[in-house]
Amino acid sequence: MNTSTIASLSILKLRQHARADGILTVIPDTGPDGLGIPVRRVFTVTDVPAGGLRGNHAHRDCTQVVVCLRGRVSIQVDDGRDSVTVELTSANEALSIPPGLWNRLTFSGPDTVIAVFCDQPYAESDYLRDRTEYERFKGIRA
């Protein structure tokens with residue numbers, strides 16, 4: 001049984017440096033301004049239509065940190081009992097989602113770009129894609 005709850009979520013503030021020629025966002029894996037996880041995998045999601053959904057799953061072991069680089073993404077997270085929706089609209093904020101939390105991302109439009117930093121390499125066996133299986137994993141169903 002996984003004990004992660006909504007209270008396990010954290011919003012990270014990433015350091016930005018504004019200059020006349022643009023904004024530099026620094027994303028270290030450790031330290032006070034870091035992601036708090038060792039980065040083993042990074043992927044981006046782009047060109048999702050307005051209202052398009054991604055995610056709709058949980059992970060057994062992987063922590064994911066989501067950064068919205070452009071546009072707006074709403075992330076609904078639930079632990080099988082409670083839920084919360086977090087909206088990311090700036091590259092200086094990130095949502096750290098520990099394993100065992102179901103997440104569903106809704107994109108504002110095709111101009112939205114997210115980057116996801118993971119502490120585990122890709123493994124299909126880490127994914128919980130079936131809601132009933134997820135609830136068993138959380139100890140909600142027998």
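These legends walk through several close-up views of a predicted model.

**View 1. The largest pocket and the strands around it.**
Let us begin with an open space. The largest pocket holds about 240 Å³ of space. It is lined by 14 residues, and those closest to the pocket's centre are Phe43, Val45, Arg54, Gly55 and His57. Five strands each supply at least two residues of this lining: E4 (41-45), E5 (53-59), E6 (64-70), E10 (102-107) and E11 (113-118). Sorted by class, the lining of the largest pocket contains 7 nonpolar, 5 polar and 2 charged residues.

**View 2. An open sheet of five strands.**
Here the eye can follow the strands across the sheet. Their order is E8-E7-E10-E5-E12, the pairing is antiparallel, and the sheet of 5 strands is open. Strand E8 (83-88) and strand E12 (127-128) stand at the edges with a single partner strand each, so each has one side without a neighbour in the sheet. As a help in reading such a view, side chains in a regular strand alternate between the two faces of the sheet.

**View 3. Strand E10 and its two partners.**
Now zoom in on the pairing of E10. With strand E7 (residues 73-78), E10 forms an antiparallel pair over 6 bridges. One place to look is Val77, whose bridge partner in E10 is Asn103. E10 also pairs with E5, again in the antiparallel sense, and this pairing has 4 bridges. Here you can find Gly55, with Arg104 as its bridge partner in E10. Gly55 may be familiar from the pocket view, where it is among the residues closest to the centre of the largest pocket.

**View 4. Strand E5, from its partner E12 to Asn56.**
Strand E5 is joined to E12 by 2 bridges, and these strands run antiparallel. Look for His59, which stands opposite Tyr127 in E12. Strand E5 also contains Asn56. The phi angle of Asn56 is near 60°, a positive value in a residue other than glycine. Asn56 is partly exposed, and its relative accessible area is 40%.

**View 5. Asp47 in the loop between E4 and E5.**
The loop between E4 and E5 is where Asp47 is found. Asp47 is a residue other than glycine with a positive phi, near 60°. With a relative accessible area of 60%, Asp47 is exposed.

**View 6. The largest nonpolar core, with Ile114 as a guide.**
This view turns to the buried side chains. The largest nonpolar core has 20 residues, of which Val66, Val73, Ile75, Leu88, Leu95 and Ile114 touch the most other members. Two or more residues of this core come from each of E6, E7, E8, strand E9 (93-97), E10 and E11. A second, separate core has 9 residues, among them Leu12, Ile37, Val65 and Ala94. To explore the surroundings of one core residue, start from Ile114: leaving aside neighbours within four places in sequence, its contacts are Phe43, Thr44, Val45, Val66, Val67, Cys68, Leu69, Val73, Leu105 and Phe107.

**View 7. An enclosed cavity.**
A search of the whole structure finds 1 cavity of 30 Å³ or more. The volume of the largest cavity is about 40 Å³. Its lining is made up of His59, Cys62, Gln64, Ile97, Pro98, Pro99, Gly100, Leu101 and Asn103. By class, 5 of the lining residues are nonpolar and 4 are polar, with no charged residues. Two names return from the strand views: His59, which stands opposite Tyr127, and Asn103, the bridge partner of Val77.

**View 8. Gly80 and its contacts from elsewhere in the chain.**
Gly80 sits in the loop between E7 and E8. At 25% relative accessibility, Gly80 counts as partly exposed. Apart from neighbours within four places in sequence, Gly80 is in contact with Arg131, Tyr134 and Ile140. The C-alpha atoms of Gly80 and Ile6 are separated by 9.4 Å, while the two residues are 74 residues apart along the chain.

**View 9. The hairpin of E2 and E3.**
The last view shows strand E2 (residues 15-19) and strand E3 (residues 22-26), an antiparallel pair with 5 bridges. A hairpin of 2 residues joins E2 to E3. Within this pair, Arg15 has Val26 in E3 as its bridge partner.

How values were computed:
Residues numbered from 1 in each chain as written. Predicted model: local features only at pLDDT ≥ 70, side-chain atom pairs only at ≥ 80, totals over all residues. Heavy atoms only, no water. 1 Å grid on protein atoms, 1.4 Å probe; cavity = no way out; pocket = protein on both sides within 12 Å on 5 of 7 lines; lining within 4 Å. Points joined across faces, edges and corners; volume = space filled by probe spheres on them. Nonpolar A, V, L, I, M, F, W, Y, C, P; charged D, E, K, R; others polar. Pairing = 2+ DSSP bridges. Core = buried A, V, L, I, M, F, W, Y, C linked by side-chain atoms within 4.5 Å. Buried < 20%, exposed > 50% of the residue type's maximum accessible area, 1.4 Å probe, protein only. Contact = heavy atoms within 4.5 Å.
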